[in-house]
Amino acid sequence: MVNGNTVDQLCLSLLKRCKTLKSIKQLHTHLFKSGLDSDTFIAGNLILHCATLISDALHHAHSFLLHFSNPDAFMYNTLIRGFSDSDHPHNSVTTFIHMRRNSNHLQPDSFSFAFVLKAAANLRSFNTGIQLHSQSITHGLDTHLYVATTLVSLYAECEQIDHARKVFDEMSEPNIVTWNAMITAYLRCSDVKGAETLYKRMPVKDLISTNIMIAGYMKAGELRLATNLFFHEMPVKDDVSWSTMIVGFAHNGCFNEALDLFVESRRVGLEPNEVSLTGILSVCAQAGALEFGKVVHGYIEKSGFGSIHTVNNALLDTYAKCGNINMARLVFERMPGRKTIVSWTTMVAGLAMQGYGEEALELFHRMEESGIKPDEITFISVLYACSHAGLVEHGYRYFSMMKDHYGIDPTFEHYGCMVDLYSRAGELEKARDFITQMPVKPNAVIWRTLLGACSIHGNVDLAEFVLEKLAELDPNDSGDHVLLSNIYAVAGKWKNVATVRKSMTSQRLTKSPGWSMVEVDKVMYSFVAGDEQNEVISEAYTSLKKIMLRLKVEGGYVPEVVGSVLHDIEDEEKESAVVTHSEKLALAFAMSRLCDGKVVRIVKNLRVCKDCHTVMKLVSKIFRVEIVLRDRSRFHSFSDGSCSCRDYW
């Protein structure tokens, strides 16, 4: 005769072999037929397995719990925990409520509250959190170490720093996890000083504490404080420390520092992991550092990270954003296993950015045929592809498909793509009508898209109408005033230009400076017009003078000063202002350093102006050099006097 313990162990052994929902259901059927599914121990472990180990088995566990005759606290807590970590944390709250209403003999314990409070934190629901906090007080669990720490995190997610601090102060002996949670709360609420003060007060710090502070400093742009803490106050560093610094430098635009730190991490013997590799690839993508990206790619191939989807997706994104679409295609096609939606969407976006609209749409249909259901981000890339390729009818069709076929409600990004689609095609009135008929109130970005189109097409009346709308939504944005000033300048309305500039001065609004970056010998060089002179800047200006002279002699170049300069100044001054745009300086410097046959790759933070676009085309023809320029909205690949955008930008 087989005893109960043997049966339990046999069931647990079979359960461990279940890796899919299908296998779970098969085992469950066997347990049901034998009557073993009513055993509390077996049922609890079945729910635990479904809730924590098989991603799509949560609802099966939920259904099982609802039909179980006498579920215990472990079953409820397991399901509450599973839902709190899932994409549906609200189900964690409803399961907690069900436990309270339908199981009078059960009382929630510290685990119940900790798990459901985590769900409320993931939902960022302050009202739910307050109610749960009140119930924890009723049950005398609000000061329990585990519960109180989760309460601190909940209030941090809801940006309620005073509530978080009150919970923290009422704890008799907070442990290091609680201290870290409170520091994170201050940083989440953008109170760097508060976090710093608490960090210095900590009786004991661990590596996590310091990593949290470094991340907080980097997020707040306090690079000096982060660097000092990392280099001078951290005797021990882990891969998280290095990755945080590398990614932090990248997010603050310090690409050279990020790349240097990655090299240094290798020098001290730290082996890059998935996080650090995706982080440094993100740096390369943002900075347009193709050559450095190739070095990282080589390491990925040698070290076996090429089988990891996240690393492959980051590598694909890097090649796409560095303008090497052929390598992006190669990475995409060689990806092992089934491609994820991120892989497909990244490739569609890469093709769209570089003007391959038809190919992007073909890839989208390949994705559908492969059984991957597109999401809202995929459709942003698809609409972007239509916009930049002038495929107006296609864009409208995909916008309708998104809503009618896939049931995806449009967001502001989708509406913005549609406005951009009509605007680029010169259909400004249709763009305006689309905005006014939107079911949601348009935000500043939507109106700003139309204002940019008014600048391109010189529509003064509509621009003034749009600026009135923007004045209500975001009156302090200097870019809007600059665009209107530009439109007036093109129309020759210099009195209006002066009025706009005077208004900007009185409001203390300043134009965001344009910068450009170019990679030479794996080093990133940054240029801003009007920068103080140094060896690099001087070399760029010297090279640029020679280039511009040859363009005038051999190419008949005449600067387009009206559309690119916003002041009513003398023509000679206008020409000087246009000639020294940052992308021209970057181009000139690269041409003075790179050998023949090398592609010049430039990244610019603003939209390239007409004059710079003309210069790039002429340079590519006269000097026989290939130029890839990524501006704020797309790629321009110049070769033999023409651009990949076909002047539709």
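The expected span of a helix is 1.5 Å times one less than its number of residues. The views below come from a predicted model.

**View 1. Helix α2, residues 21-34, matches its expected span.**
Helix α2 has 14 residues. From first C-alpha to last, α2 reaches 20 Å, close to the 20 Å expected at 1.5 Å a residue. The buried residues of α2 are L21, S23, I24, L27, H28 and L31. They cover an arc of only 155 degrees around the axis, which puts them on the same side of α2. K22, Q26 and K33 are exposed on the other side of α2.

**View 2. Helix α11, residues 176-188, and the helices its buried residues pack against.**
The 13 residues of α11 should span 18 Å at 1.5 Å a residue. The end C-alpha atoms of α11 are 18 Å apart, which agrees. Buried in α11 are T178, W179, N180, A181, M182, I183, A185, Y186 and L187. These buried residues pack against four elements: α9 (145-157), α10 (161-169), α12 (192-201) and α13 (207-219).

**View 3. The two ends of helix α11.**
N175 caps the N-terminal end of α11. A side-chain oxygen of N175 lies 3.2 Å from the backbone nitrogen of V177. Just after α11 comes S190, with a positive phi of about 65 degrees.

**View 4. An open sheet of 6 strands.**
The strand order is β2-β1-β3-β4-β5-β6, and the pairing is mixed. β2 (523-528) and β6 (642-643) stand at the edges. Each edge strand has a single partner, so one side of each is left without a neighbour in the sheet.

**View 5. Strands β3 and β4 run parallel.**
Strands of a sheet pair through backbone hydrogen bonds, either parallel or antiparallel. Strand β3 covers residues 600-604, and strand β4 covers residues 627-630. They are joined by 4 bridges. V600 stands opposite I627 in β4.

**View 6. Cysteines C158 and C322, in a structure with 0 disulfides.**
A disulfide needs a pair of cysteine sulfur atoms within 2.5 Å. For C158, the nearest cysteine sulfur is that of C189, 9.5 Å away, and C158 is in no disulfide. C158 counts as buried, at 14% relative accessibility. For C322, the nearest cysteine sulfur is that of C284, 6.6 Å away, and C322 is in no disulfide. C322 also counts as buried, at 3% relative accessibility.

Notes:
Residues numbered from 1 in each chain as written. Predicted model: local features only at pLDDT ≥ 70, side-chain atom pairs only at ≥ 80, totals over all residues. Heavy atoms only, no water. Buried < 20%, exposed > 50% of the residue type's maximum accessible area, 1.4 Å probe, protein only. Pairing = 2+ DSSP bridges. Contact = heavy atoms within 4.5 Å. Polar contact = N/O pair within 3.5 Å; in protein donor to acceptor, adjacent residues only side chain to side chain. Arc of directions from axis to C-beta.
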